[in-house]
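Please open the model in your viewer and keep the sequence panel beside it. The stops below go from the interior outwards to single residues, with a selection to make at each.

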2 protein chains.
Amino acid sequence: MYIRYMNSKLFRGTLDTIILTMLRDNGKMYGYEITKSVKEKTNGEFKITEGSLYPALHKLERKGYLEIHLLKVDNRMRKYYSLSKKGNKAVKEEITEIQSFIHSLSLIVNPNT
Amino acid sequence: MYIRYMNSKLFRGTLDTIILTMLRDNGKMYGYEITKSVKEKTNGEFKITEGSLYPALHKLERKGYLEIHLLKVDNRMRKYYSLSKKGNKAVKEEITEIQSFIHSLSLIVNPNT
DNA sequence: TTTGTATACATAAGATATCTATGTATATTC
DNA sequence: GAATATACATAGATATCTTATGTATACAAA
């Protein structure tokens with residue numbers, strides 16, 4: 001990996017929920033696929049670095065939010081993640097929280113809301 | 001001060017911009033007033049702790065974003081802050097950034113956007 | 001009269017999330 | 001054979017915020 005990405009400091013706190021939401025919407029995904037998909041979905045705005053992504057996935061796994069199955073494709077390993085029952089419950093709560101956060105933040109930074 | 005506030009982890013990265021925006025909208029404010037005003041504007045959602053607020057104000061001051069004048073009211077000191085020219089420029093950029101962030105985040109967590 | 005609440009500032013120490021940097025390895029394109 | 005893309009991993013640094021604590025005045029309630 002040669003390309004370095006730059007992330008916004010605003011990211012902080014939202015990464016876990018972003019990952020969980022991607023998994024909710026796509027059933028199962030592997031790490032690299034998540035970064036590509038998030039980048040695409042946000043028109044290049046959100047670029048998740050590997051140093052952020054993999055530790056985050058491991059943490060979510062430790063918390064019991066993710067289920068894993070490994071697959072070898074083109075002689076390269078892929079670690080597929082999907083939401084566990086616990087993860088499915090968590091993603092709903094976290095999205096509600098993020099939407100509430102966005103709403104409150106808009107009340108400050110957006111005129112006429 | 002006896003009441004302890006709880007902040008969301010989502011806050012991270014937005015505090016400086018929130019402070020600058022409040023100052024932009026209100027001309028000049030003192031620290032305590034900012035916390036009250038932010039809490040009121042967000043219907044109790046954003047509760048800025050003193051341990052977050054004052055260090056943030058000091059940092060923004062060091063960066064040259066703020067102008068200060070002290071005032072004694074009811075025998076209590078107030079430190080009034082207002083935006084410097086540099087702060088005025090910064091707040092515009094940071095709000096644009098936050099709005100772009102909100103937009104991208106919505107693309108992920110909100111269906112049909 | 002002292003207890004609690006509100007106002008008003010400040011800072012040290014700790015937690016934690018993310019970034020930077022680095023490492024391994026395979027496949028494909030130039 | 002050099003660069004790019006795919007695919008994982010982790011140690012160490014950094015930044016931001018929280019928790020905890022401190023000082024001080026004013027006022028209401030008990």
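Begin with the interior by selecting A:Ile19, A:Ile34, A:Leu66, B:Ile19, B:Ile34 and B:Leu66, which have the most contacts inside the largest nonpolar core, a set of 60 residues. A nonpolar core here is a set of buried Ala, Val, Leu, Ile, Met, Phe, Trp, Tyr and Cys residues joined through side-chain atoms within 4.5 Å, where buried means under 20% relative accessible area, exposed over 50% and partly exposed in between, computed with a 1.4 Å probe on protein chains only.

Before going on, note that this is a predicted model, in which local features need pLDDT of at least 70 and side-chain atom pairs count only at pLDDT 80 or more, while totals for chains, interfaces and linings use all residues. Residues are numbered from 1 along each chain as its sequence is written, chains are lettered from A and ligands numbered from 1 in the order in which they are written, and side-chain values use heavy atoms, with hydrogens and water left out.

**Chain A as a whole**

Select chain A and colour it by secondary structure: there are four helices and three strands, and along the sequence they follow the pattern α-β-α-α-β-β-α. Helices (H or I, at least four residues) and strands (E, at least two) are DSSP runs, numbered from the N terminus. The C-alpha trace of chain A spans about 55 × 35 × 20 Å along its principal axes, and 43% of its 113 residues count as buried. Among the contacts in chain A with a separation of 6 or more, 50% are accounted for by residues 24 or more positions apart, contact meaning heavy atoms within 4.5 Å.

**Helix 1 and its partners**

Next, select helix 1 (residues 15-26) and helix 2 (residues 31-41) of chain A, which pack at an angle of about 95° with their axes 11 Å apart. Helix 1 of chain A is therefore roughly perpendicular to helix 2 of chain A. Axes are lines fitted to C-alpha atoms, for helices over the stretch in contact, and angles run from 0 to 180 degrees between N-to-C directions; those under 35 degrees count as roughly parallel, over 145 as roughly antiparallel, 65 to 115 as roughly perpendicular and the rest as oblique. Show side chains for A:Ile18, A:Ile19, A:Met22, A:Leu23 and A:Asp25 of helix 1 and for A:Ile34, A:Ser37, A:Val38 and A:Lys41 of helix 2, since these residues make the contact. By class they divide into six nonpolar, one polar and two charged, with Ala, Val, Leu, Ile, Met, Phe, Trp, Tyr, Cys and Pro counted as nonpolar, Asp, Glu, Lys and Arg as charged, and the others, Gly among them, as polar.

Now keep helix 1 of chain A and add helix 4 (residues 85-109) of chain B: their axes come within 9 Å and cross at roughly 35°. This contact is made by A:Ile18, A:Thr21, A:Met22 and A:Asp25 on one side and by B:Leu105, B:Ile108 and B:Val109 on the other, giving five nonpolar, one polar and one charged residues.

**The relation between the chains**

What rotation superposes chain B on chain A? The rotation is 179°, with 0.0 Å of shift along its axis and an RMSD of 0.1 Å, which is the relation of a two-fold axis. Copies are superposed by least squares on the C-alpha atoms of residues with pLDDT of at least 70 in both. To find the axis, select B:Arg12, whose C-alpha, at 2.9 Å, comes closest to it of the residues of chain B.

**Single residues to finish**

Return to A:Leu66, which, leaving aside neighbours within four places in sequence, is in contact with residues including A:Leu20, A:Leu23, A:Leu57, A:Tyr81 and A:Ser82. A:Ser82 itself is in strand 3 (residues 76-83) of chain A and counts as buried at 18% relative accessibility.

Is A:Glu94, in helix 4 (residues 85-109) of chain A, buried or exposed? A:Glu94 is buried, with a relative accessible area of 14%, and, not counting residues up to four places away in sequence, A:Glu94 touches A:Asp16, A:Thr17, A:Leu20 and A:Tyr65.

Last, select A:Arg62 in helix 3 (residues 50-62) of chain A, which is exposed, with a relative accessible area of 65%.
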